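This report covers cysteines, nonpolar cores, a surface patch and backbone angles. Please keep the sequence and the model side by side while reading.

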Amino acid sequence: VEKPADPPAIPGQPDVALASLGIYVFHTRTLIEELRRDAADPKSSRDFGKDIIPHLVTGAKAVAHRFSASCVRSPEEPAAYWRDVGTVDAYWEANIDLTDVVPQLDLYDREWPLWTYAELTPPAKFVHDEDGRRGQAVSSLISGDCIISGANIHRSLVSTGTRARSFSSLDEAVVLPYCKIGRGARLSRVVIDRGVVIPDGLVVGEDAELDARRFRRTDKGISLITQPMIDALG
């Protein structure tokens, strides 16, 4: 059943329902045959969840496996971790979760490392040590090749190659790679797209109406900032 408003419950557990996490393993031949069959069906909506999976459930062999029964987790993780990050709010929340003292997803578990694309970069660098102009980060993840130059960062995730200039601040910010945070900018509860150049003195997160006019602001108060949005400011 694709995204039901009232999902059917597990027999004997009326308050619990099973949901598909979207991780599938196929025999190659079976998948190719299914895709060809669906392509020839004029009534198909060409949707994996609405067409392919239901047809396999009724017309082939489909087996479900409980994620919680096989998820590998470190001793620090209280439960199996899974997040759907299909919205700006969910994407922001999943990244900010990593800044917790003991996050639900342990990136530092050496017994089961997470491998991903990584650039060879110099270490992150923090410079200036004056009142009001101190390069520092608290409860944050700062990637390689970042220079925090007299900026204050709190509970944020800052990706590779970002530059944060003097007197700027980031609070609960998710910053994608190679951004530049201008001098004196104050950004709170934001997601900043890759390569965005934030102008000096820009303030986001303190005036909801103004943020909504300039950027994409969610109902939960998260502002998505892209370069075209910045360019439109003039």
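How far is the sulfur of Cys179 from the closest cysteine sulfur? In this predicted model, that distance is 9.5 Å, and the partner is Cys146. The gap is too far for a bond. Seen from the other side, the sulfur of Cys146 has Cys179 as its closest cysteine, also too far away for a bond. A disulfide needs two cysteine sulfur atoms within 2.5 Å, so the pair does not qualify. The search of the whole structure finds zero disulfides. Cys146 is buried, at 0% relative accessible area, and Cys179 is buried with a value of 0%.

Cys146 is also among the residues that Thr160 touches beyond four places in sequence. The others are Glu119, Thr121, Ser143, Gly144, Asp145, Pro177 and Tyr178. Thr160 sits in the loop that links strand S8 (157–158) to strand S9 (163–164). From Thr160 to Gly59 the C-alpha distance is 47 Å, with a separation of 101 residues in sequence.

The largest nonpolar core has 22 residues. Those touching the most other members are Leu170, Ile181, Leu187, Ile192, Ile198 and Ile225. Two elements each give two or more residues to this core: strand S10 (169–175) and strand S12 (186–192). Apart from this core lies another one of eight residues, including Trp92, Val174, Leu176 and Val191. In soluble globular proteins, nonpolar side chains tend to be buried together.

Leu170 shows what surrounds one of these core residues. Beyond four places in sequence, Leu170 is in contact with Ile181 and Leu187, and also with Asn152, Ile153, His154, Ser156, Val158 and Val175.

At the surface, Val72, Leu107, Tyr108, Trp112 and Leu114 make a nonpolar patch of about 540 Å². Leu107 belongs to the loop between helix H3 (88–97) and strand S1 (125–127), and is partly exposed at 35% relative accessibility.

Two residues have a positive phi without being glycine. Most residues other than glycine have a negative phi. The table sets out the angle, location and accessibility of each.

| Residue | Phi | Location | Relative accessible area |
|---|---|---|---|
| His128 | near 80 degrees | loop between S1 and strand S2 (129–130) | 32%, partly exposed |
| Glu172 | about 55 degrees | strand S10 | 16%, buried |

Glu172 lies in strand S10, one of the elements that give two or more residues to the largest core. His128, by contrast, lies in a loop.

Definitions and conventions: Residues are numbered from 1 along each chain as its sequence is written. This is a predicted model: local features need pLDDT of at least 70, side-chain atom pairs count only at pLDDT 80 or more; totals for chains, interfaces and linings use all residues. Side-chain values use heavy atoms; hydrogens and water are left out. A nonpolar core is a set of buried Ala, Val, Leu, Ile, Met, Phe, Trp, Tyr and Cys residues joined through side-chain atoms within 4.5 Å. Buried means under 20% relative accessible area, exposed over 50%, partly exposed in between (1.4 Å probe, protein chains only). Helices (H or I, at least four residues) and strands (E, at least two) are DSSP runs, numbered from the N terminus. Contact means heavy atoms within 4.5 Å. Patches are made of residues with over 30% relative accessible area and no salt bridge: like charges are joined within 9 Å, nonpolar side chains (Val, Leu, Ile, Met, Phe, Trp, Tyr) within 5 Å. Accessible areas come from the Shrake-Rupley method with a 1.4 Å probe; for residues, only the protein chains shown count as cover. A salt bridge is a side-chain nitrogen of Lys or Arg within 4 Å of a carboxyl oxygen of Asp or Glu.
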